[in-house]
Amino acid sequence: MVCLGNICRSPIAEGVMQHKVKMAGLDWVVESAGTYGFHENEPPHVSSIKVCKENGIDIHHQRARKLKESDFENYDLLLPMANDVLSGMQTIGGHSFSTEKCPLFLDALFPGMLKDVPDPYYGTYEDFEKVYQLIDKCCDAILSKYGEQKK
Ligand code: 4NP
């Protein structure tokens with residue numbers, strides 16, 4: 001799960017997907033990173049921690065890290081939360097970047113529509129709640145899409 005700062009959107013996606021994967025009995029390794037290094041080693045945004053907690057998911061232990069080239073070798077799928085994130089991933093990945101491994105996160109829910117998960121960083125708590133609901137729904141779509149073939 002990849003966003004810009006790895007403090008708002010992708011930590012929610014990591015927490016939600018890890019929870020769903022565990023409930024489904026799958027052995028996927030789910031992690032997150034950001035294309036910016038500005039917030040490295042910081043915990044998730046207080047509103048990301050809060051919205052997850054209100055939905056029974058604890059993400060306070062997560063720490064932000066920057067995406068690195070080796071991630072493109074080590075993961076089967078790297079899902080950008082938005083189109084600007086995808087551009088940053090191409091730069092970081094260099095020769096290791098592959099379009100097939102990096103579909104937009106929301107592509108599982110809205111195929112071919114090139115949609116972004118809105119960045120809630122400068123928004124209100126309500127924006128984080130909306131982002132949580134969108135991520136939750138899309139994680140279900142990702143599980144349906146890849147669950148059978150990766151079991
Ligand atoms: P995220 O949100 O990419 O969902 O973690 C952001 C966090 C920080 C910044 C931008 C987006 N920033 O510019 O510092």
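# A short tour of a predicted model

Let's start at one residue: leaving aside residues up to four places away in sequence, C8 touches H45, S48, P120, Y121 and F128. Before I go on, please keep in mind that this is a predicted model. Where does C8 sit? You will find C8 in the loop between β1 (2-3) and α1. Is C8 buried or exposed? With a relative accessibility of 5%, C8 counts as buried. To give you a feel for distances, take L79, which is 71 residues away from C8 along the chain: the C-alpha atoms of the two are separated by 15 Å.

Now step along to R9, which belongs to helix α1. R9 is buried as well, at a relative accessible area of 3%. Which residues does R9 touch, again not counting those up to four places away in sequence? The list is C3, L4, M81, A82, V85, V117, P118, D119, P120, V131 and I135.

Let's stay with helix α1 and turn to salt bridges. The count for the model is five. One of them pairs the side chains of K20 and D140, at 2.9 Å from N to O. K20 is in helix α1, residues 9-23, while D140 is in helix α5, residues 125-150, so this pair ties together parts that lie 120 residues apart in sequence. The two partners also differ in how much of them can be reached: K20 is buried, with a relative accessible area of 14%, whereas D140, at 36%, counts as partly exposed.

Another place to look is D71. The side chain of D71 meets that of R65 in a salt bridge, with 2.9 Å from N to O. D71 also forms a salt bridge with K68, and there the closest N and O atoms are 4.0 Å apart. Is D71 buried or exposed? D71 is buried, with a relative accessible area of 3%. R65 is partly exposed at 23%, and K68 is partly exposed at 42%. Coming back to K20 for a moment, salt bridges that share partners join K20, D136 and D140 into one network.

Next, a helix that shows two sides. Helix α2 covers residues 46-54, and its buried residues are S47, S48, V51 and C52. If you look down the axis of α2, these buried residues fall within an arc of 130°, so they line one face of the helix. On the other side of α2, V46 and K53 are exposed. You may remember S48 from the opening: it is one of the residues that C8 touches. After α2 comes G56, which has a positive phi, near 80°.

Now for the empty space. Rolling a probe the size of a water molecule over the atoms shows where such space is left. How much space lies in the largest pocket? About 420 Å³. The lining of the largest pocket is made of 21 residues, and V29, V30, Y75, D76 and L77 are the ones nearest its centre. Two elements give two or more residues to this lining, namely α3 (71-74) and α5. Of these, α5 gives the most, with three residues. What kinds of residues line the largest pocket? They divide into 14 nonpolar, two polar and five charged.

The second largest pocket has a volume of about 180 Å³, and here we meet our first two residues again. C8 and R9 are both in its lining, together with C3, L4, G5, I7, Y36, F38, H39, D119, Y121 and Y122. By class, that gives eight nonpolar, two polar and two charged residues. Some names in this lining also came up as contacts: Y121 is touched by C8, and C3, L4 and D119 are among the residues that R9 touches.

Finally, there is an enclosed space. How many cavities of 30 Å³ or more does the model have? The count is one, and the space in that cavity is about 40 Å³. Its lining consists of L79, P103, L104, F105, D107, A108, I142, K145 and Y146. Seven of these lining residues are nonpolar, none are polar and two are charged. L79 is the residue whose C-alpha atom we placed 15 Å from that of C8, which brings us back to where we began.

Thanks for listening, and do have a look at the structure yourselves!

Definitions and conventions: Residues numbered from 1 in each chain as written. Predicted model: local features only at pLDDT ≥ 70, side-chain atom pairs only at ≥ 80, totals over all residues. Heavy atoms only, no water. Helix = DSSP H or I, 4+ residues; strand = E, 2+ residues; numbered from the N terminus. Buried < 20%, exposed > 50% of the residue type's maximum accessible area, 1.4 Å probe, protein only. 1 Å grid on protein atoms, 1.4 Å probe; cavity = no way out; pocket = protein on both sides within 12 Å on 5 of 7 lines; lining within 4 Å. Points joined across faces, edges and corners; volume = space filled by probe spheres on them. Nonpolar A, V, L, I, M, F, W, Y, C, P; charged D, E, K, R; others polar. Contact = heavy atoms within 4.5 Å. Arc of directions from axis to C-beta.
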